[in-house]
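Reader: I would like a close look at a single part of this model, set in the context of the chain around it. Please take it step by step.

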Amino acid sequence: MTAPTSPALPASSDTAPTGPAPRGLHVITWGCQMNVYDSARMADVLRPLGYGPVERPEDADMVILNTCHIRERATEKVFSELGRLRKIRDERMSNGADRTIIAVAGCVAQAEGEVILSRAPYVDLVLGPQTYHKLPEMVARAARAGGAVIETDFPVEQKFDFLPTDAAPQTQGNLTAFLTIQEGCDKFCSFCVVPYTRGAETSRPVASVLAEARRMAESGVREITLLGQNVNAYHGDDGHGGSETLAGLVEQLAQIPGLGRIRYMTSHPRDVDQSLIDAHRDNPALMPFLHLPVQSGSDRILKAMNRGHTADEYRESVRKLREARPDLALSSDFIVGHPGETEEDFEATMQLVRDIGFAMAYSFKYSPRPGTPAAGQPMQVPEDVKDRRLAELQALLREQQDAFNADMVGTVQEILVTNRGRKPGQIAGRSPYLQPVHFDGPDHLIGSTVKVAITTRRTNSLGGTLIRETASAC
């Protein structure tokens with residue numbers, strides 16, 4: 001629908017412009033890796049209209065805020081940035097430039113679309129995460145109507161069916177890339193807004209995923225991370241009247257020439273099945289590093305969160321995974337201070353962390369999200385108690401991460417070389433466990449996988465010595 005709340009846009013049409021002057025596009029991305037992927041695809045769909053990336057909003061003919069609703073005060077952060085962009089636009093216009101189009105995309109747009117247009121009527125486009133394939137049409141509609149355009153419905157069609165397939169991918173020149181294969185969530189955890197902003201679980205067809213992965217590999221990508229709100233719930237159409245599992249998809253992706261490394265996130269413990277466990281055992285392209293959020297170690301809190309699993313069921317899944325792949329390392333997500341969490345519940349979380357051992361983890365204080373079940377629950381935990389618990393949990397997690405990195409010293413790791421280092425003669429890459437690794441070596445090894453003896457541990461990275469220059473091309 002449209003609302004006549006902002007001045008007219010520059011003249012536009014439904015077809016790509018033919019003039020020589022390109023249009024500048026600046027995308028500001030907040031939140032998860034899926035938002036990073038979405039931002040790249042928004043640039044893809046706008047390229048036929050003449051938009052190309054620019055580094056600064058001051059040089060942009062269109063600025064898109066791709067937003068995230070997970071963090072606290074996400075909405076206010078959006079409005080603060082919008083105020084800054086309005087000043088930039090006004091200054092550009094005073095200097096004779098065309099009016100900059102301001103768009104708000106992503107989960108805050110989905111949840112707060114009408115509020116955005118009410119509080120910031122100078123915004124031109126508001127679109128949810130399922131509708132960014134409509135951006136060219138929205139630009140044209142806004143130009144014709146002289147007002148803002150909002151698209152926050154969940155369309156019947158899948159947006160991936162409408163994305164360009166022949167455009168140069170945004171991954172050109174990159175060695176690593178994200179690839180969304182699944183979106184939405186049917187789990188309805190008590191603290192989470194994703195089912196309301198991303199919709200129900202949907203999976204891309206296998207053929208669509210494979211085609212995009214091939215284009216990525218042809219452009220030079222050597223490692224892809226498969227993305228989804230519940231990526232291990234993937235059940236894409238296999239093209240033969242059935243559906244494919246994540247394990248089966250990974251097996252097909254591993255056959256693509258040049259694609260040597262595969263990762264996936266974010267997983268749900270309820271969707272760890274035997275086929276996926278077997279894939280970690282049998283498929284060398286699947287990296288031995290798994291992000292498997294647990295959120296709490298207390299069964300009482302897990303039930304209140306509507307997680308659908310117990311702490312011991314999580315432990316059992318981890319046991320099976322490590323039995324299948326002994327060198328597997330884990331990361332996870334934790335929330336402290338969920339409504340009703342007692343000291344005993346918190347200690348159960350600490351005990352689970354001690355029992356499992358994590359290479360890294362993300363941990364947060366619970367904060368209410370409007371419209372979620374937990375937001376209205378009684379027994380909200382005081383902020384000072386949440387602060388203390390979070391500090392204790394993070395200290396334990398940091399201790400485990402330091403120990404994991406220390407255990408790398410003296411081992412030999414296969415490193416995907418991604419770039420030059422900061423020092424002359426130095427190159428850098430990433431280990432199978434996503435650790436940055438720096439070592440001396442020639443630039444021509446960039447893009448290859450090499451064996452490196454790990455010799456030093458730093459706060460957030462490792463140092464090593466190249467064992468030999470012989471490299472595999474992934």
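Reader: At which residues does UniProt place the feature "binding site", and what can be said about their surroundings?

Author: The model is a predicted one, and the feature itself comes from a record: UniProt, in an unreviewed entry, places "binding site" at Cys 185, Cys 189 and Cys 192. Two of these residues can be described further.

Cys 189 is placed in the loop that runs between strand S9 (182-183) and helix H5 (194-197), and Cys 192 lies in that loop between S9 and H5 as well. Cys 189 has a relative accessible area of 7%, and because buried means under 20%, Cys 189 is classed as buried. Cys 192, at 15% relative accessibility, also counts as buried, since its value falls under the 20% cut-off. When residues up to four places away in sequence are not counted, Cys 189 touches Met 305, Asn 306 and Arg 307.

The neighbourhood can be followed further through Gln 377, whose contacts, leaving aside neighbours within four places in sequence, are Ser 190, Ala 304, His 338 and Pro 339. Gln 377 sits in the loop between strand S17 (360-365) and helix H12 (383-408). Its relative accessibility is 25%, so that Gln 377 counts as partly exposed, a class lying between the limits of 20% and 50%. Although Gln 377 and Ala 304 are 73 residues apart along the chain, their C-alpha atoms are separated by 9.9 Å.

The stretch of chain leading to helix H9 (299-304) has a backbone detail of its own, for Gln 295 lies in the loop between strand S15 (289-291) and that helix. The phi angle of Gln 295 is near 75°, which is a positive value in a residue other than glycine. With a relative accessible area of 8%, Gln 295 is buried, because that value is under 20%.

A second residue with positive phi is Leu 434, where the angle is near 70° and the residue is again not glycine. Leu 434 is found in the loop between strand S19 (426-430) and strand S20 (436-440), and with a relative accessible area of 33% Leu 434 is partly exposed. Another backbone detail is the peptide bond from Met 265 to Thr 266, which is cis, with omega near 5°. Thr 266 is placed in the loop between strand S14 (261-265) and helix H8 (274-282).

As for the chain that holds these loops, its secondary structure comes to 12 helices and 22 strands, and buried residues make up 54% of its 474 residues. Among contacts in the chain with a separation of 6 or more, 74% are between residues 24 or more positions apart. The accessible surface of the chain comes to about 20300 Å², with 51% of that area belonging to carbon and sulfur atoms.

Finally, there is the question of internal space. A search of the whole structure finds 1 cavity of 30 Å³ or more, and the largest cavity has a volume of about 30 Å³. Its lining consists of Pro 57, Val 63, Leu 85, Ile 88, Arg 89, Thr 100 and Ile 102, which divide into 5 nonpolar residues, 1 polar and 1 charged. Helix H2 (residues 74-94) supplies the largest share of this lining, with 3 residues.

Key. Residues numbered from 1 in each chain as written. Predicted model: local features only at pLDDT ≥ 70, side-chain atom pairs only at ≥ 80, totals over all residues. Heavy atoms only, no water. Helix = DSSP H or I, 4+ residues; strand = E, 2+ residues; numbered from the N terminus. Buried < 20%, exposed > 50% of the residue type's maximum accessible area, 1.4 Å probe, protein only. Contact = heavy atoms within 4.5 Å. Areas by Shrake-Rupley, 256 points an atom, 1.4 Å probe, with all protein chains shown as cover. 1 Å grid on protein atoms, 1.4 Å probe; cavity = no way out; pocket = protein on both sides within 12 Å on 5 of 7 lines; lining within 4 Å. Points joined across faces, edges and corners; volume = space filled by probe spheres on them. Nonpolar A, V, L, I, M, F, W, Y, C, P; charged D, E, K, R; others polar. UniProt positions renumbered as here; feature names shortened; annotations may be inferred.
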